[in-house]
Amino acid sequence: MSLKKEKSVSKKINLNILVFFRKYPAVPYILKWLFISLIVGGLIGTASAGFLQSLEWVTNFRENHLWIIGFLPIAGLLIGLLYYYWGKDVEAGNNLLIDTIHEPKQTIPFKMMPFVYLGTMATHLFGGSAGREGTALQMAGAIADQLTKPFKLTPEERKILIIAAIAAGFGSVFGTPLAGAIFGMEVFLIGKLKYNSIFPAFASAIIADLVTKLWNTHHTVYHINFVPNVSFLNLIYAIVAGIIFGLCAATFSKTLQFVGAFFKSKIKYPPLRPLIGGLILVVIIYSSGTTKYIGLGIPTIVESFNHQLPTYSFAIKMALTILTLAAGFKGGEVTPLFFIGATLGSALSLFLPLPVGLLAGMGFVAVFAGATNTPLACTIMAMELFGSECGVYVAIACTISYLLSGPTGIYGKQVIGEAKHSRFKNYLNKRIGEI
């Protein structure tokens, strides 16, 4: 074939490709975000695997060396010093990610990742009561936002990138990629979903979850032994449970905000807050003679699905978690919310004639739904974790909890995109922390 003919064929192929892309504009969009999602998912899935394995190691070490809990105040002081002198620009944590989605400004500092990782490891190693979701999301956001400049993303594309990162972090740390994707789209704007991020969110969450599993990282398995047939009476019981879960979620959010403000008003030098909070925690832990309410509390959560737990278990976990986080220790709120909800649901089986496992599963996600204002993600999460048979019950519990929790939440930078009720319409477009 002559050079002239080759150029003609090449030109024709390029023209056909151009016509194809113009006819199907979604194709280049999908290819672009699939490429970005592969990178984001791979990096975040690897980070989540390392984080989860580290967390398992420090938890086992603490449980086998209980004397280390006595050093919790010193660990708190070091965390406080780290953030006060070198981490003020990343101290907002998850709220910084949410704020970046609403108003993209400077790139999220990469130091957020090692800072929150070290802070969370120290919190769990020395006996604080905290979770892991906050750390996973912050690590994910810090990693992903570094790609904004190399990929020359527009401000709108950067928003999508952060949403995809949140989806990947959540999906990989809990092993629930579908819920992670919905959570990423749902968490920053209450009452609305950002559908232009749907493909990147799902792709990043699924890839991150697969990568985490490739690193031989295992997630806790929860099981609801029996789900009764749906009936009007059982639906009424589910509604009652949802009301209780919603009130619990609102109480947690408001009390966390109140205690945090109290620490700030009474202790002006920030590094002293976790020091004093740590001292109080040490006294409580050693006085109680048990460690079941510190750390993640996974064994107790698993137990709540099989046995009716005491009515005070959820309250103790709530108090210790609020004290830990309000004082300035690092970690997430979500796993403690799982603990609070599951143990509360388990205790409710004393009054509501539904299976203990079902009530524990409903509480597991419903309190979380009310505290984070993410009922759809929580419903999907329950079906990923427990099976689709519980779908109707958890959907009711999550929805009622979401409505009952009112204009509150653990993320102060969440914006109210659509009011839960007409009486809250004056709060439209306001941040939770401003109400």
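The largest nonpolar core in this predicted model has 111 residues. Within that core, the residues with the most contacts are Met362 and Phe364. Helix α15, residues 356-372, gives the most to the core, with eleven residues.

Take Met362 for a moment. If we set aside its neighbours within four places in sequence, Met362 is in contact with Ala238, Ala241 and Phe245, and also with Tyr393, Val394 and Ala397.

Apart from the largest core there is another one, of 13 residues. Ile36, Ile44, Leu153 and Leu161 are among its members.

Next, helix α11, residues 272-288. What span should its 17 residues have? At 1.5 Å a residue, 24 Å is expected, and the end C-alpha atoms are 24 Å apart, so the two agree. The buried residues in α11 are Arg273, Pro274, Leu275, Gly277, Gly278, Leu281, Val282 and Ile285. Their cover includes α3 (72-86), α10 (232-266) and α13 (313-327). Just past the end of α11, Gly289 has a positive phi, about 75°.

Now a helix pair. Helix α8, residues 177-186, packs with helix α16, residues 375-386, at an angle of about 175°, and the axes are 8 Å apart. Angles over 145 degrees count as roughly antiparallel, so that is the label for α8 and α16. On the α8 side, the contact is made by Pro177, Leu178, Ala179, Ile182, Phe183 and Glu186. On the α16 side, the residues are Pro375, Leu376, Ala377, Ile380, Met381 and Glu384. Sorted by class, this contact has ten nonpolar residues, two charged and no polar.

Last, two backbone positions. Which sign does phi take at Lys152? It is positive, about 55°, although Lys152 is not a glycine. Lys152 is found in the loop between α6 (133-145) and α7 (155-174). Its relative accessibility is 72%, and the cut-off for exposed is over 50%, so Lys152 counts as exposed.

The other position is Asn373, in the loop between α15 and α16. Asn373 is not a glycine either, and its phi is positive, at about 60°. Is Asn373 buried or exposed? The relative accessible area of Asn373 is 1%, and buried means under 20%, so Asn373 is buried.

To place Asn373 on the chain: the loop it sits in joins onto two helices already discussed, α15 and α16. Helix α15 is the one that gives eleven residues to the largest core, and α16 is the partner of α8 in the packed pair.

Notes: Residues are numbered from 1 along each chain as its sequence is written. This is a predicted model: local features need pLDDT of at least 70, side-chain atom pairs count only at pLDDT 80 or more; totals for chains, interfaces and linings use all residues. Side-chain values use heavy atoms; hydrogens and water are left out. A nonpolar core is a set of buried Ala, Val, Leu, Ile, Met, Phe, Trp, Tyr and Cys residues joined through side-chain atoms within 4.5 Å. Buried means under 20% relative accessible area, exposed over 50%, partly exposed in between (1.4 Å probe, protein chains only). Helices (H or I, at least four residues) and strands (E, at least two) are DSSP runs, numbered from the N terminus. Contact means heavy atoms within 4.5 Å. The expected span of a helix is 1.5 Å times one less than its number of residues. Axes are lines fitted to C-alpha atoms, for helices over the stretch in contact, and angles run from 0 to 180 degrees between N-to-C directions. Angles under 35 degrees count as roughly parallel, over 145 as roughly antiparallel, 65 to 115 as roughly perpendicular and the rest as oblique. Ala, Val, Leu, Ile, Met, Phe, Trp, Tyr, Cys and Pro count as nonpolar, Asp, Glu, Lys and Arg as charged, and the others, Gly among them, as polar.
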